[in-house]
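Visitor: Before we start, I would like each descriptive word to be set against its cut-off, so please show me the model and take me through the reasoning.

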Amino acid sequence: MTDVTLAELCIFAASEAFRNNGEIVATGVGPVPRLAASLAKLTHTPELMMTDGEAYLVEQPVPLGPRGDYKPKFAGYLPFSRFFDSAVWSGRRHAMVTPTQIDRFGQINLSQLGGTHKQPKTQMLGVRGFPGNTIYHPNSFFFPAHTSRVFVEGEVDMVSGVGYNPAKRVPGGNYSGVDLRVIVTNLCVMDFGGTNNAIRVVSLHPGVTFDEVQAATGFPLEKGALTETPLPDAEALAIIAQLDPHNIRASVIKDNPPAIRAH
Amino acid sequence: MLDKRMTAADIVSQLHDGMTLGIGGWGPRRKPMALVREILRSDLKDLTIVAYGGADVGMLCAAGKVKKLVFAFVSLDAIPLEPWFRKAREAGQIEVLELDEGMFQWGLKAAAFGVPFLPTRVGLGTDLAALGGLKTVTSPYADAETLIAMPALKLDAALLHVNRSDWRGNVHLFGPDVYYDEWFAKAAAKTFVSCEELVDRMEDHYPDQAQANIFERCFVTGVVEMPCGAHPSSMPPSYGWDMKAFKAYADAAKEPGDWAAVADRFVGKSEADYLNSVGGKEAVAALPLPIF
C-alpha cells in the first residue's frame, strides 16, 4: 500500500462526504471530487444520482477523459435546462467544488480577486451557480493546495456562496438549506462542526500535524477528534484506477506525492 | 410575414445602438457566433449583453461593443477563464450585473411572463444583491419570508443558433442540452435565429421530430441559414467545439493583446471568408463532439 498517492487518499476521504446522502444528485466538479462521488456510488451509497458530466443521468459513473470504446449508458436525463427545478432548487443535490477562496464562515469566492467590482484586479469565472447551490443544497469542498491564500484571513473578496456569517444574513430570509459539509485538502479533512459552525479539523493526513494545517490557514481552526485520515482500501483503489484510466488524478496535487510522507 | 427568411446583415440592421441583446447557448456551446461576427462587422455599439457567456461575450467586449454585461460566468470550459472578457473587466471597461446561473434564467422567465420580478432565495447571504442593486420582497402570506425580487431580464432582441428551421420559424433544437434558448426567445421582443439547416416546410421534411420544436414560431422574428454558424462553439450533433481555434483566440489576448490587430482572423471580412479560414464546412463537420 506504500504506493498509494495523496490524491487517492483525498478521493477516498472525499467520497465519505456522500455516504448515506440518499437519492440526490452527487456532483463532483474537478477530477478528485468527481472520482469521490463516483467511488461513493460504486461502494457505500449506490442510491446516489449522477450525470455523465453533460446532460444524462447514468447509473454507472463515467470514467474521466477519452473513453476509447467505452460508451456511457444513459438511464435518465438532467440537462442544464431543467437543472435548477429538478436538482438545485429542490435541494436534491450535493456538490463538491473548488472555489478560489474560502473564509472562516464558509463563504466562498469564484468571481474576482482584489480591486473593485467595477474593476477587479483579477477577474475569474463569475459566481456561476454558487449562490443558488449554497442556499438550497449541501456543499463540500476540495482544495489541492491548502494555503492561507485559499483559506483567507478576514472575508473572501467577493461572497459568491452563502456561509454562516450572521452579518450577511438578511433578516427574514430562509437559510434552512445552508448546509456546508466537508472540506478535504492536501493536508486534512475538516467540517463545520465547531462553535457556531466554525471550521474544525477532524482528521489529519498521515504525517501532517495540526500546527502545520493551522500555519497554512488564514484564520483560527478548531480541533476535532484529530484522527489520521485512513488510506483507501484495495477495492477503492481498484475502482479509482478503473474510473481514471488516464491517471488524471496524478496531476491534481503538486508533484503527486505519496499518501504517506517520506521522512 | 410568414416567410421570415432574412440575411445576417438584415438581422443586424434591425438591431440598434444601446439595445439589450440576449445571446443563447452556454459558454462555448451552441452560440450564434456567425450572427455575433456579423455584429462585429457592423457599427453597433453601447450594447447591454445578457448571456451565459463564452467567446461571444469575449469578442464583443474586446471590440468595445459592450456597455453593460449581465452574466453569471464567462468561460470556454477547457480554457476556464475567458481572456478577452478578463481584459475588459480588469480594465474597468464595462458595467456589469453579476447573477447566479439560476437567478439568470429566473429573470428571463419573469420577462417571458411579463411580470416585473420573480421571487427567489438565491442571492441572499452573498454579495450579489448589494453589488447588483437587487431588492427584497416580503411574502404576503403567513410565512412572511424575505426573498430576493429577481428583476425581469427584458430583452430588446435575442440571437440563437438552432439545429433547423423552416421559413416560417418552426425551429428544431436538439442535442444533449438546449440550455435556456427557449427562455431567451420568450424574454425578447424580437428573436432572430440562425440555423444549421433551413427547409421550406418543416412538416414535409421532419414530421416525426416535432418534439424538438421547444418554442413556437410566434417567438421567431427572423431566420437565416448559416451552416457552421456556431463555430468555434459546439453544435451537437453536427460538430464539437474547435479548441484549437479557441486556443489561438485566447493566445491572441496575451500576444498581441490588441483586438484591432487580430479581429480579421477571428471575425473575417465576410462569413464565407471566415469559414474558409477555418477550413470550410468539411473541417467544421469533422470537429469531434466534446467529452465531459
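Visitor: What makes residues of α5(B) buried?

Guide: A residue is buried if 20 or more other C-beta atoms, placed from the backbone, lie within 10 Å of its own, exposed if 12 or fewer, and partly exposed in between. In α5(B), the residues that are buried are E101(B), G102(B), M103(B), F104(B), Q105(B), W106(B), G107(B), L108(B), A110(B), A111(B) and A112(B). Because 11 of the 13 residues of α5(B) are buried, the helix is largely enclosed by the rest of the structure. This is a predicted model, in which local features need pLDDT of at least 70 and side-chain atom pairs count only at pLDDT 80 or more, while totals for chains, interfaces and linings use all residues. Residues are numbered from 1 along each chain as its sequence is written, and chains are lettered from A and ligands numbered from 1 in the order in which they are written.

Visitor: What do the buried residues of α5(B) pack against?

Guide: They pack against α3 and α4 of chain A, and, within chain B, against β5 (117–120), β7 (146–151), β8 (155–166) and α7 (181–187); helices (H or I, at least four residues) and strands (E, at least two) are DSSP runs, numbered from the N terminus.

Visitor: How do you know that the reach of α5(B) is close to the span expected?

Guide: The expected span is 1.5 Å times one less than the number of residues; for the 13 residues of α5(B), 101–113, that gives 18 Å, and the helix reaches 19 Å from its first C-alpha to its last.

Visitor: Why is A225(A) called exposed, and why is E197(B) called partly exposed?

Guide: A225(A), in strand β13 (residues 222–228) of chain A, has 8 C-beta neighbours inside 10 Å and therefore counts as exposed. E197(B), in strand β10 (residues 188–199) of chain B, has 15 such neighbours, so this residue counts as partly exposed.

Visitor: Why is α2(B) called roughly parallel to α3(B)?

Guide: Helix α2 (residues 33–40) and helix α3 (residues 55–62) of chain B pack at an angle of about 5 degrees, with their axes 10 Å apart; axes are lines fitted to C-alpha atoms, for helices over the stretch in contact, and angles run from 0 to 180 degrees between N-to-C directions. Angles under 35 degrees count as roughly parallel, over 145 as roughly antiparallel, 65 to 115 as roughly perpendicular and the rest as oblique, and α2(B) is therefore roughly parallel to α3(B).

Technical notes: Contact = placed C-beta atoms within 7 Å.
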